[in-house]
Amino acid sequence: MAGASAADVRSILSLPNPSTPGPSQPRKPSNAGERARKPEGISRELYSLIGPSAPSLAAQFVKPRLKQKPNFGSGGRVKWEWRPFKNGARADSMRLHHWAKTGTDPEADYPFAKYNIQPISFVYSQDEYTRLLEDQEWTKEETDYLFELVREYDQRWHIVHDRYEYIGGSERSLEDLKDRYFTVCRKLVKNRPWAGDEASKSQLLSSLQFDKEREITRKRYIASLESRTPQQKAEEDALYVELKRLEQSERRFKRERDELLRTLLGIESGLSELPLDEEGIATGPPDTKRRKKGNHTAEPDTPISATPSSNVISLGQPQPRKAQTAKSAAYDALHFIYRTEVPPTTTSTTKASHQAAYLRSYKLPQPKITSAAKVAQVLGEIGISHGRLVMPTRDNCVQLESLLEAATALVETKKVVDKVEQDIRVLKARLGKRESEGAEDSFGTGEAAPTPMDVDEVEAEADGRAQSVVSTRSARSVRSRKQSRRSMSISSVDTSAAGASRRQKRQRD
Amino acid sequence: MAANERVRVRGLTISRPIIYGNTAIVLTPKEREALSSPDHTHRWTVAVRSAASAPDSDIVGGADDLSYFIKRVTFKLHDTYPNPTRNVDKPPFEVSETGWGEFEIQIRITFVAESGEKAFFTYHHLKLHPWTVVGSTEPDIPPIEAAMKMGPVHSWQYDEIVFNDPFQSFLNILTAHPPTPLPKHTRRPVPFHTANPASLEASKGGVPEFTQQMEREEAERLETARKKVVAETDSWRQKLIEKEKELEKLKKQLEATA
């Protein structure tokens, strides 16, 4: 039998025959006109098949045309010029050049300067270290070393890890380093007085979050993914296909069972709402099997009871608390009400445990007795009288408390500075004593002071060495460290004669 | 329902803003003559009032009647006054007297029975003489003629009475009387307070009034102070770290020379 003709197709699709009207039908006025109105995008053969009843969608099958060529450069040529620019991110005054459009402002800021963001570098004092940062795994020296590296390499952790070579320290993984660094930073942020508001503090804290265990697990998992053998991969694929197949058959089974129940018991409603186990995809194959088994046994013979239970679960818990807080905030503010979470385990409080009514100002925060006088002094200097407020409202009391905390921290820091300064003085005195003894000795053996020419040479030699010479010397030179290096090197040579310059002479010889 | 009334509402703290303090005015010679004790120079009124001022009133605070939760206020005056313990059982909770000297007044506030709260004390230093800038060369007590020109002296402390876990019945009473909110912005002079000496100028020229702006400004004052302190702490910490490095160096030197 020959292929189906156009007429056959038309009759199958029950379309009227446009070209050959039946004897009872009026003749169409003009076939040619209709053909001419063939919509764009439909092939002639198809049109002759389906005729004018072509779906409107077909009109959209317009033959794709090439896009018009973009018109480059016709709107006048852009001139570029080679010129110097100012980079605001540079600390030095170095001027670099680049190509820029001639029209632009030559003094405008370098647009990429804003991306030069310095990460906050954290520094801690010995006092803070002993109070907060002690760790059995880490010494202070190694922590210092780590922080120095992190600062130097701009928190590029892989580089830090690569360059990490602490002498006398154990082998550190990248996670160890990161964990130590972020733990220290978090502790510092948490324990130091914070100038900004709470939100910015918690934001910073969350940016310093690091979960070592999780990170290690994550990396191990990725590594295990990478190191799968082809057999394992194939097995995984096979398992996946199997899983899909099982799911499909389960669904089919369910549908058939529903139909059966419907026809047998005449239950029309409810059953179709039984949730299909869509989550099966996410879980592994053994799990699915278990669920399948569960379906066999747990599928209720009385489906009506299943429906409400599933409904209850899907409805979820109502959340009255949230709505209430939003609504009652204004009410609470109006009535000066402040709510706190009641711990659920509260036993019925007796009279003794009830906090009696009080005046807010009586519960103003107080600084610790040991530092109270100094805190008061610090606050007095900036015009705040602690212990008294004009408007002791709740918010202001909280404010005062954080101010007191900050002031206490300041007093503590000053105290430690005093102590360290005292230690420095003691050490300097001891050093000075020793030096003067040493100087007397060298004078005893006696060598002439260097000639002026020597001084010049010594000075010219190397600033670095000159300083090292100074540093082994008396308390006087330590004090003069603040002066410029040049003057120091001179003073080191011409004031105290022998020891240092003699050594240098020998080196030159 | 009645049983529920005596249940404490846990986790809830409700407070009521009050002010306490005094207003003092210098007596004219004529008034002094009329007094039984002619050495008295001032007439003063000590009071406990609600914090917000009634519009167009010539007293500080007192917009609300506080008797819904305060049953009695006892002012204990100086012993030289006749009958020095004055109980005031109904509003206005205030005592007016004449005198020549400043002294400490003990104020005892007793709450209504529904509150189940004990009475508590607070103190107010009776202020008769005009406020002066601390540490200025002016005498603490200006001559009486000058003081007369400066008008009434106001000395008021804002405070909030805080009730923890109030009884339901008491809470109902309190919420039935929401306190008049303080005006958002300063319209009248600011009540002077020694904790904010800078407000001296703003406190002159009429009956002062407590406002929310004062509260905000105090919060800002504390905030700036805190920022200052934190900045200073940072610089001191920097210093400390430098010093520690120096100390470290010195220690090494000492070891090297030893």
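**Exercise 1: a strand pair in chain B.** How many bridges join strand β3 (residues 70-76) of chain B to β4(B), and which way do the two run?

*Solution.* Start with the pairing: four bridges link β3(B) and β4(B), and the two strands run antiparallel. Now pick out one pair of residues. Lys76(B) sits opposite Thr85(B) of β4(B). Keep in mind that this is a predicted model.

**Exercise 2: from a pair to a sheet.** Work out in which order the strands of the open sheet in chain B lie, and which of them stand at the edges.

*Solution.* Step one: the sheet has four strands, ordered β4-β3-β6-β7 (chain B), and their pairing is antiparallel. Step two: look at the ends of that order. β4 (85-88) and β7 of chain B each have a single partner strand, so one side of each has no neighbour in the sheet. Step three: check the twist. On average, neighbouring strands here are turned by 20° against each other, direction ignored.

**Exercise 3: a strand pair in chain A.** What joins strand β1 (residues 80-85) of chain A to β2(A), and how many residues of β2(A) are buried?

*Solution.* First, count the bridges: there are six between β1(A) and β2(A), which run antiparallel. As an example, Arg83(A) has His98(A) in β2(A) as its bridge partner. Next, test for burial, where a residue needs 20 or more other C-beta atoms within 10 Å of its own to count as buried. Of the six residues of β2 (residues 96-101) of chain A, zero are buried, so this strand lies largely in the open.

**Exercise 4: where the chains meet.** Describe the contact between chains A and B: how many residues does each chain put in, and which element of chain B gives the most?

*Solution.* Begin with the totals: chain B brings 58 residues and chain A brings 59 residues. On chain B's side, the elements giving two or more residues are β1 (12-26), β7 (120-125), β8 (153-164), α4 (168-176) and α5 (212-257). α5(B) gives the most, with 29 residues. Sort chain B's side by class and you get 26 nonpolar, twelve polar and 20 charged residues. Strands pair up between the chains too: three bridges join β3 (residues 337-339) of chain A to β1(B), and these run antiparallel. Tyr338(A), for one, stands opposite Thr13(B) in β1(B).

**Exercise 5: confidence.** Which elements of chain B have the lowest and the highest mean pLDDT?

*Solution.* Take the whole chain before its parts: chain B has a mean pLDDT of 85, with 95% of its residues at 70 or more. Among its elements, helix α1 (residues 2-5) of chain B is lowest at 57, while β3(B) is highest at 93. For the complex, the predictor gives an ipTM of 0.84 and a pTM of 0.58.

Definitions and conventions: Residues are numbered from 1 along each chain as its sequence is written. Chains are lettered from A and ligands numbered from 1 in the order in which they are written. This is a predicted model: local features need pLDDT of at least 70, side-chain atom pairs count only at pLDDT 80 or more; totals for chains, interfaces and linings use all residues. Two residues are in contact if their C-beta atoms, placed from the backbone, lie within 7 Å. Ala, Val, Leu, Ile, Met, Phe, Trp, Tyr, Cys and Pro count as nonpolar, Asp, Glu, Lys and Arg as charged, and the others, Gly among them, as polar. Two strands pair if DSSP finds at least two bridges between them. A residue is buried if 20 or more other C-beta atoms lie within 10 Å of its own, exposed if 12 or fewer, and partly exposed in between; C-beta atoms are placed from the backbone. Axes are lines fitted to C-alpha atoms, for helices over the stretch in contact, and angles run from 0 to 180 degrees between N-to-C directions. pLDDT is the predictor's confidence in each residue, from 0 to 100.
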